[in-house]
Amino acid sequence: MTMIDSPGATAVDERLEVGNTLIAQDWEALTFKVHRSAYRENAVFNRERNEIWGHTWLYLGHETEIPEAGDFKTRTLGGRPLIFVRDRHGTVQAYLNACPHRGTILCREPEGRAKNFQCFYHAWTFKNSGELAALPDSDAYPQDSAFVESLSLRTVPRLGIHEGFVFVAFDEQVPDLLEHLGKAADVMSMTASIGPSGMTTVPGVQRYSVKGNWKLAVENAMDGYHFAPTHNTFVGYLRETGFAVNDDAQYAHDLGDGHGLAVLTGHNGRIGMIWEPRFGEREKIRTEAKRKELVARLGAERAAAVADSSKILFVFPNLLLFDLEALTIRQLEPVEPGVTDVRAWQLVERDEPDDVRALRLKTMASFVGPGGLATPDDIEAYEAVQRGVVATADLDPFGGFADTDLDWSDMSRGMADDLTGPRGRSIDEGVMRSFWRHWSRRVGELPGIGPDASRLGGVA
Amino acid sequence: MSTGAVHTSAVLPNGTVPPQEQGSDRAVVRAEVEDFLFAEAAALDEWRLDDWLTLFVPGAAMQVPTTDVTGLGPENAGYFVADDWDLVRARVKRLKSRKAHAENPHSRTNRLVSNVRLTERAGDQLRVSANFVVNRFRDGGEFTYVGRYDHLLQVQPDGLRFLLRRSVLTNESMNPGARLSFIL
């Protein structure tokens with residue numbers, strides 16, 4: 001993991017700057033506060049939709065979800081309905097899911113295989129490679145090829161793939177995907193290298209929605225401080241099954257550009273990498289063999305980086321990669337300030353033995369997802385924050401960051417470490433702060449929202 | 001429903017065979033299955049989880065597939081719930097703890113079970129399907145879970161027990177707030 005500990009390309013002072021008044025950062029007092037309007041206000045949400053979701057790379061899906069030509073999924077990102085499809089040439093495409101004619105949702109199925117997409121409204125038909133295939137009564141239209149070409153499906157401006165993870169951007173001007181991913185790219189590569197034949201998603205997507213702001217889901221994933229109290233019952237289950245759990249010497253890393261990584265060495269076994277009793281005796285033998293395979297293929301140092309620690313990677317703004325007992329890809333889609341849609345896929349090793357696959361999936365379902373033993377308590381936490389942060393709304397008479405101010409959430413824990421580098425203890429709030437700093441720079445100043453409004457006396 | 005079926009041993013989803021003496025090839029009519037499911041619904045609505053556990057053959061499993069139901073089992077697909085017997089018991093222990101934050105305080109639930117059918121019988125194993133509507137209320141929110149049960153029961157001399165308890169949702173996704181923190 002040394003590649004992550006080294007200083008980033010971003011200069012320290014730039015990394016530590018904030019970009020709007022919704023963040024109150026005081027380097028003398030070592031306090032960091034987030035104004036709660038950031039979770040509540042429509043104006044903030046609308047600005048995020050534009051400045052973040054409209055102008056950066058967004059995680060769309062994994063290549064293995066559409067393995068064959070014509071395989072498609074429909075999906076919504078940044079509020080825009082999309083068709084995610086492997087076209088007749090085998091190329092991964094993402095189209096705006098709207099008929100170029102009148103804007104009708106073109107594909108109304110959640111998934112399937114299709115050579116063509118036909119709009120039911122006026123029967124315009126498009127090849128899965130985007131070209132117009134048929135247009136009823138075309139005599140009434142101009143007959144030149146430029147006109148026909150202008151009726152092709154609208155692709156997203158940018159599409160990029162890293163290690164099978166497919167990203168899109170609604171802005172042509174975004175930097176190249178690898179540049180955007182920065183240090184997160186190598187963490188994704190580590191996860192992708194776990195299986196000797198690669199990794200694949202399996203069917204069965206956990207789709208659920210949370211009554212909480214999307215940023216609460218990000219905070220929660222990067223926040224080791226909540227693990228023991230929130231997941232008391234799950235930790236109890238792990239201990240009962242014979243696995244020691246501890247929070248010592250665990251670190252979280254600011255990967256730059258809003259990306260973050262929590263590295264957890266003290267809890268959760270790792271199937272095929274770190275054995276724990278609940279995985280069974282047969283898996284113990286296989287784990288030893290699997291480790292030898294990893295070392296032979298990746299070298300001892302890289303194998304240790306891949307295998308010895310659980311990791312939770314956040315790729316700004318909507319991808320979470322849980323590399324724990326098993327692997328889960330989680331995608332966030334903000335719907336309203338207080339509502340977030342979540343989709344989660346299980347990622348597995350290609351060609352692994354059936355019993356290992358079964359163990360992996362069972363183990364993951366026991367922990368993550370809305371029916372697991374842990375995620376429901378996380379969801380309860382996001383939802384409880386969303387319900388609670390209205391209590392102090394507009395009770396901010398003095399503005400600024402004085403002690404009398406109420407409408408702020410505190411994220412100061414371990415802040416002194418931020419000055420020493422991009423790595424801090426996972427049970428501190430350093431990665432949450434780096435996320436918020438980046439967020440505030442992207443969103444920019446929001447006149448009339450938050451403390452400025454209060455300073456003006458809260459005039460409606 | 002044949003009462004003269006050849007007795008075949010129940011095989012649990014985890015591949016083990018439960019104690020033989022418990023199985024019975026006695027006849028079962030729908031009313032008995034309905035009574036079993038209604039009693040189960042009452043135990044869950046009243047949060048009598050220890051009573052609820054006695055409705056299982058030890059070693060039994062519980063499943064809830066995801067809403068894009070693929071026809072695959074939990075060994076090949078992502079699931080919401082894929083509990084073996086250890087996890088069923090861990091779930092109950094968790095839900096009885098006041099540290100199960102997602103269910104503290106408990107949701108109020110009201111279950112309607114209907115359209116009960118006995119679809120298959122082999123020895124002491126009985127496949128049962130039914131429709132359910134679970135209305136759940138918590139934190140000022142109302143959540144409706146609609147689906148069907150696809151259970152495998154073991155016929156015992158004194159009653160019925162779950163070998164596999166499987167709830168298949170009809171919902172397209174879990175609506176905002178509608179996590180499965182309770183027993184569906």
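Author: Helices are DSSP runs of H or I with at least four residues, and strands are runs of E with at least two. This is a predicted model. In chain A, Asp428 belongs to neither kind of run: A:Asp428 lies in the loop between β22 (423–425) and α15.

Reader: Why is A:Asp428 called buried or exposed?

Author: Buried means under 20% relative accessible area. A:Asp428 has 5% relative accessibility, so A:Asp428 counts as buried.

Reader: Which residues does A:Asp428 touch?

Author: Leaving out residues up to four places away in sequence, A:Asp428 touches A:Arg413, A:Gly414 and A:Asp417. A:Glu63 is 365 residues from A:Asp428 along the chain, and their C-alpha atoms are separated by 35 Å.

Reader: What makes A:Asn46 buried, exposed or partly exposed?

Author: Exposed means over 50% relative accessible area, buried under 20%, and partly exposed in between. A:Asn46 has 48%, so A:Asn46 is partly exposed. A:Asn46 sits in helix α4 of chain A. Its C-alpha atom and that of A:Glu336 are separated by 9.0 Å, although these two residues are 290 apart along the chain.

Reader: How do you know whether α4(A) is roughly parallel or roughly perpendicular to α15(A)?

Author: The axes of α4 (residues 42–53) and α15 (residues 430–443), both of chain A, cross at roughly 85° and come within 9 Å. Angles of 65 to 115 degrees count as roughly perpendicular, so α4(A) is roughly perpendicular to α15(A).

Reader: Which residues meet where α4(A) and α15(A) are in contact?

Author: From α4(A) come A:Val44, A:Arg47, A:Glu48, A:Glu51 and A:Ile52; from α15(A) come A:Trp439, A:Arg442 and A:Val443. The residues of this contact divide into 4 nonpolar, 4 charged and no polar.

Reader: What makes a set of residues a nonpolar core, and which residues have the most contacts inside the largest one?

Author: Its members are buried residues of certain nonpolar types, joined through side-chain atoms within 4.5 Å. The largest core has 109 residues, and those with the most contacts inside it are A:Trp436, A:Trp439, B:Trp52 and B:Tyr145. A second, separate core of 33 residues includes A:Trp57, A:Phe167, A:Met190 and A:Ile329.

Reader: How many helices and strands does chain B have?

Author: Chain B has 3 helices and 7 strands, in the order α-α-β-β-α-β-β-β-β-β along the sequence. Of its 184 residues, 54% are buried. The accessible surface of chain B comes to about 7800 Å², and 49% of that belongs to carbon and sulfur atoms.

Terms used: Residues are numbered from 1 along each chain as its sequence is written. Chains are lettered from A and ligands numbered from 1 in the order in which they are written. This is a predicted model: local features need pLDDT of at least 70, side-chain atom pairs count only at pLDDT 80 or more; totals for chains, interfaces and linings use all residues. Side-chain values use heavy atoms; hydrogens and water are left out. Axes are lines fitted to C-alpha atoms, for helices over the stretch in contact, and angles run from 0 to 180 degrees between N-to-C directions. Angles under 35 degrees count as roughly parallel, over 145 as roughly antiparallel, 65 to 115 as roughly perpendicular and the rest as oblique. Contact means heavy atoms within 4.5 Å. Ala, Val, Leu, Ile, Met, Phe, Trp, Tyr, Cys and Pro count as nonpolar, Asp, Glu, Lys and Arg as charged, and the others, Gly among them, as polar. Buried means under 20% relative accessible area, exposed over 50%, partly exposed in between (1.4 Å probe, protein chains only). Accessible areas come from the Shrake-Rupley method with a 1.4 Å probe; for residues, only the protein chains shown count as cover.
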